[in-house]
Amino acid sequence: MLGRKMVTKATPPPKSATSPRRDRGKPVTPSPQTRASPVSPKLGATQFHSKGARSEMELHFDRYCSLEKSSQTDSLTGRGLTQFLSEIAVSPFSFEYYVVLWKLSATQNGCILRLEWVMAMYTHGVEFLSQLKIKTAEWVKEVRGSGGRFLLMYNFLYDYIRGEDDRCMSLQNATTAWDLFFEKKDLYVQWKPWAADHVHSEVSRDLWRQVGVLITLNTGATKSGSEAIMTATLPTVITDFLERNNKTP
């Protein structure tokens with residue numbers, strides 16, 4: 001009709017797929033923001049072993065490995081091992097040497113693996129070579145002063161002294177180690193010739209363990225609480241030795 005104004009109805013804007021839904025009479029609740037998880041302040045073993053940020057002790061490991069002509073960089077052997085021992089003032093195959101190997105959890109004869117090295121340094125909180133030298137003296141004092149701690153070390157070392165390719169430890173290897181560990185023990189003076197005549201070439205893990213218990217606890221080592229180690233069954237060779245020498249286990 002003439003004179004009537006035409007009214008155009010406005011079209012509402014399309015709803016955004018990301019717009020929050022709003023019910024009538026209710027306030028709009030903003031979408032929750034994603035927050036970054038807090039980073040633990042503690043340095044984990046994986047971070048300690050990071051290739052991007054090597055610790056000083058891992059750099060020392062690399063330096064020792066570089067002394068070997070072999071391309072093997074994940075194990076410390078030969079000249080590298082000798083240099084390491086020299087720098088912490090430890091003689092090869094000494095009592096202190098075996099204490100260090102125990103604390104580094106070394107299981108392969110004449111070798112320290114990179115993983116063993118890294119994990120031991122992290123576990124014992126060693127950041128510098130000078131620290132390791134001090135800790136070595138503390139560890140040796142601890143082992144010499146406690147029969148229980150000595151036996152923990154002694155039992156652990158069976159695999160290292162036995163050799164990686166042998167099923168059991170040879171009597172020769174066992175005797176060499178016994179000479180070092182028990183040279184001043186009166187009972188060992190009697191045990192050594194007996195073992196030479198009655199142990200047939202190999203020393204089992206059980207016999208190794210029982211000899212350690214027998215000689216350590218028979219020589220006045222500290223025995224209290226968890227350190228008191230009692231044995232219900234002894235290997236025949238030890239039983240015969242005790243009967244022959246009128247000893248009480």
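**Exercise 1. A pair in helix 8**

Task: In this predicted model, how are R162 and D159 placed in helix 8, and how far apart are the closest N and O atoms of their salt bridge?

Solution.
- Step 1. Place the pair. R162 and D159 are three residues apart in helix 8 (residues 158-162), so about one helical turn separates them.
- Step 2. Recall the helix rule. An α-helix has 3.6 residues a turn, so residues three or four places apart point the same way.
- Step 3. Check the distance. The closest N and O atoms of R162 and D159 are 3.3 Å apart. The cut-off for a salt bridge is 4 Å.
- Step 4. Check exposure. R162 counts as buried at 16% relative accessibility. D159, at 22%, counts as partly exposed.

**Exercise 2. A pair between helices**

Task: Which parts does the salt bridge between E58 and R114 tie together?

Solution.
- Step 1. Find the atoms. The closest N and O atoms of E58 and R114 are 3.2 Å apart.
- Step 2. Find the helices. E58 lies in helix 2 and R114 in helix 5, so the pair links parts 56 residues apart in sequence.
- Step 3. Check exposure. E58 and R114 are both buried.
- Step 4. Widen the view. Shared partners join E58, D62, D74 and R114 into one network of salt bridges.

**Exercise 3. The faces of helix 3**

Task: Where on helix 3 do its buried residues fall?

Solution.
- Step 1. List them. Helix 3 (residues 78-87) has G80, L81, F84 and L85 buried.
- Step 2. Look down the axis. The buried residues of helix 3 fall within an arc of 135 degrees, so they line one face.
- Step 3. Turn to the face away from the buried side. That face of helix 3 carries the exposed residues R79 and S86.

Technical notes:
Residues are numbered from 1 along each chain as its sequence is written. This is a predicted model: local features need pLDDT of at least 70, side-chain atom pairs count only at pLDDT 80 or more; totals for chains, interfaces and linings use all residues. Side-chain values use heavy atoms; hydrogens and water are left out. Buried means under 20% relative accessible area, exposed over 50%, partly exposed in between (1.4 Å probe, protein chains only). Helices (H or I, at least four residues) and strands (E, at least two) are DSSP runs, numbered from the N terminus. The arc is that of the directions from the helix axis to the C-beta atoms. A salt bridge is a side-chain nitrogen of Lys or Arg within 4 Å of a carboxyl oxygen of Asp or Glu.
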